[in-house]
Amino acid sequence: MVWLNVLQSGQFNAELPWGRYIYIDYISLVNFRNYEHLELNLNSGLVLIEGGNGQGKSNLLEAIYLLAIGKSQRATADRELVRWNLDDTAYSQIAANILRD
């Protein structure tokens, strides 16, 4: 079981020092690394992700990096990104809504 705690700027009143920016409003991961399925709605502003070792913090950041750059900073082959199911389903999906404020 993956446990992450996501604190968003509305919860601790962080203010951003810059003007216009883009942000991820929603992200969905399916069979990506240790995530079987994740749907996460985010607000604009600062987001803090916390969790224990092996809970998927770095994997979530890797998914965001993969969306932005088009390749993983950690994996040398795409097959390393796929969470293999018991029925040998070999696919992974990352989807996001990206907005401009």
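From the N terminus on, the elements of this predicted chain follow the order β-α-β-β-β-α-β, where helices (H or I, at least four residues) and strands (E, at least two) are DSSP runs numbered from the N terminus. Residues are numbered from 1 along each chain as its sequence is written, and side-chain values use heavy atoms, with hydrogens and water left out. Because the model is predicted, local features need pLDDT of at least 70 and side-chain atom pairs count only at pLDDT 80 or more, whereas totals for chains, interfaces and linings use all residues.

**Exercise 1. Place β2 among its neighbouring strands.**

Step 1. Take pairing to require at least two bridges found by DSSP between two strands. β2 is joined to β5 (residues 93-100) by eight bridges, and the two strands run antiparallel; within this pair, Ile27 stands opposite Ala96.

Step 2. Turn to β3 (residues 35-41), which is also antiparallel to β2 and is joined to it by six bridges; here Ser28 stands opposite Glu39.

Step 3. Inspect the connection: β2 and β3 form a hairpin with two residues between them, and Arg33 in the turn has a positive phi of about 50°.

**Exercise 2. Determine how β2 is covered and what it gives to the largest nonpolar core.**

Step 1. Count as buried any residue under 20% relative accessible area, as exposed any over 50%, and as partly exposed any in between (1.4 Å probe, protein chains only). Nine of the eleven residues of β2 are buried, while 31% of the 101 residues of the chain count as buried.

Step 2. Define a nonpolar core as a set of buried Ala, Val, Leu, Ile, Met, Phe, Trp, Tyr and Cys residues joined through side-chain atoms within 4.5 Å. The largest such core has 13 residues, and Ile27, Leu29, Phe32 and Leu60 have the most contacts inside it.

Step 3. Assign the core to elements: β2, β3 and α2 each give two or more residues, and the largest share, four residues, comes from β2.

**Exercise 3. Describe the lining of the largest pocket.**

Step 1. A pocket is an open set of points on a 1 Å grid over the protein atoms alone, where a 1.4 Å probe fits, with protein on both sides within 12 Å along at least five of seven lines; lining residues have an atom within 4 Å of a point.

Step 2. The largest pocket is lined by 20 residues, with Ile22, Tyr23, Ile24, Leu42 and Ile64 nearest its centre.

Step 3. β2 (22-32), β4 (47-50) and α2 (57-69) each supply at least two lining residues, and α2 provides the largest share, five residues.
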